[in-house]
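Me: I am new to this model and would be grateful for a close look at one part of it. Please begin with the contacts of a single residue, and then set that part in its wider surroundings.

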Amino acid sequence: MKRIFLFVLTNVAVVAVLGIVASLLGVNRYLTANGLNLGALLGFALVMGFGGAIISLLISKPVAKWSAGVRVIGQPQSADEAWIVETVRKLATQAGVGMPEVGIFEGEPNAFATGAFKNSALVAVSTGLLAGMTREEIEAVIGHEISHVANGDMVTMTLIQGVMNTFVVFLSRVIGYAVDSFLRKGDDRNSGPGIGYYISTVVLDIVLGFAAAIIVAWFSRQREFRADAGSARLLGRQPMINALARLGGMQPGALPKSVAAMGIAGGVGQLFATHPPIEERIAALQTAAQG
């Protein structure tokens, strides 16, 4: 979940910056000064939508290292670190991807993989995971993360996020222009977008952004099933089932204060969940084994 949260948060920040720059450069005024130019708006939406997603992807590794406090293992300092590095190397070779960077970070049981390219990714595991799991279970979790890399999941997430961003930018401005035109009916002054346009686009960027986040979260849940299956192909189903069962029985750590207010629970939270429930993931592996 950590890698997806970081990616989405970075993407939102980059899109916001691009939006501010576009406003300062007068792009909004250009698009609406003489009537809405849908072709120009679509080009603008594509640049904004995919620009934020691609920049987020390209900086995903350094952002993850910094925000999670990852210590990259250059030269292993213990037998455990040597084993982790060798496990990543073995599974990466099996999966047909280049050797990722390997790191450790302090925290509750967790692990993530990130990076723009399959052959230069980062795989990191937490100290809580290493302390609370057997080596077979840790190996299964690493296999899950390597499968994310092999499946090109971060690139696919970028494409999905870019498409969603594009729709949000395009629709919010089309609707905002319509609202502004209605509010300014009878006003013959051609002075560019009015207050109705700006308020509408800001509100719609937020509302449609939440709708887009639900779609992105749904896709993320599907790719978790695929990564579980990928680990099962590399190591067998039972180690991955055991690892998930162990994770299900662990007490998750508290969220950092900087993101604690963003925690969601209950029915609405399920729409934004980036991972399916542990029980569903185990059931999917068991069903595949019977098929």
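Reply: Leaving aside residues up to four places away in sequence, Pro239 touches Glu136 and Ala140. The model in which these contacts appear is a predicted one. Pro239 itself belongs to helix 10. Its relative accessibility is 10%, and because the limit for a buried residue is under 20%, Pro239 counts as buried. Glu139 is a further residue to consider here: from Pro239 to Glu139 there are 100 residues in sequence, but 8.1 Å in space, C-alpha to C-alpha.

The wider setting is a nonpolar core. The largest such core has 32 residues, and those with the most contacts inside it are Ile84, Val125, Met133, Ile142 and Ile146. Helix 10, which runs over residues 237-249, is one of the elements that give two or more residues to this core. The others are helix 5 (79-95), strand 2 (101-105), strand 3 (111-114), strand 4 (122-126), helix 7 (135-150), helix 9 (195-235) and helix 13 (278-290). Ile142 may serve as an example of the contacts in question: not counting residues up to four places away in sequence, Ile142 touches Ile84, Thr87, Val88, Leu91 and Val125. Apart from this core lies another, of seven residues, including Ala64, Ala68, Phe105 and Leu122.

Two of those residues, Ala64 and Ala68, lead to helix 4. In this helix, which covers residues 60-68, the buried residues are Ser60, Lys61, Ala64 and Ala68. Viewed down the axis of helix 4, the buried residues fall within an arc of 100°, so they line one face of the helix. A general point helps in reading this: an α-helix has 3.6 residues a turn, so residues three or four places apart point the same way. Gly69 follows helix 4, and its phi is positive, near 70°.

The loop between strand 2 and strand 3 also deserves attention. Asn110 is found in this loop, and so is Glu108. The burial of these residues should be read against the limits, which are under 20% for buried and over 50% for exposed, with partly exposed in between. Asn110, at 19% relative accessibility, therefore counts as buried, whereas Glu108, at 29%, counts as partly exposed. Asn110 stands 6.2 Å from Val125, C-alpha to C-alpha, with their positions 15 residues apart in sequence. Val125 has already been named among the residues with the most contacts inside the largest core. For Glu108, the partner is Met250: the two are 142 residues apart in sequence and 9.1 Å apart in space, C-alpha to C-alpha.

Helix 9, another contributor to the largest core, holds Arg223. Arg223 has a relative accessibility of 0% and so counts as buried. The separation between Arg223 and His275 is 52 residues in sequence and 8.8 Å in space, C-alpha to C-alpha.

Some enclosed space remains to be described. The structure holds two cavities of 30 Å³ or more, and about 100 Å³ of space lies in the largest. The lining of that cavity comprises 13 residues, of which Gly115, His148, Val149, Gly152 and Met154 are the closest to its centre. Strand 3, helix 7 and helix 8 (153-183) are the elements that give two or more residues to this lining. Helix 8 gives the most, with three residues. By class, the lining has seven nonpolar, four polar and two charged residues.

Finally, the chain as a whole may be summarised. The protein chain has 13 helices and four strands, and 43% of its 291 residues count as buried. When contacts between residues at least 6 apart in sequence are considered, 73% join residues at least 24 apart. To return to the starting point, Pro239, a buried residue of helix 10, touches Glu136 and Ala140 when residues up to four places away in sequence are not counted.

Conventions:
Residues are numbered from 1 along each chain as its sequence is written. This is a predicted model: local features need pLDDT of at least 70, side-chain atom pairs count only at pLDDT 80 or more; totals for chains, interfaces and linings use all residues. Side-chain values use heavy atoms; hydrogens and water are left out. A nonpolar core is a set of buried Ala, Val, Leu, Ile, Met, Phe, Trp, Tyr and Cys residues joined through side-chain atoms within 4.5 Å. Buried means under 20% relative accessible area, exposed over 50%, partly exposed in between (1.4 Å probe, protein chains only). Contact means heavy atoms within 4.5 Å. On a 1 Å grid over the protein atoms alone, a cavity is a set of points where a 1.4 Å probe fits but cannot get out, and a pocket is an open set with protein on both sides within 12 Å along at least five of seven lines; lining residues have an atom within 4 Å of a point. Grid points are joined across faces, edges and corners, and a volume is the space filled by probe spheres set on the points. Ala, Val, Leu, Ile, Met, Phe, Trp, Tyr, Cys and Pro count as nonpolar, Asp, Glu, Lys and Arg as charged, and the others, Gly among them, as polar. The arc is that of the directions from the helix axis to the C-beta atoms.
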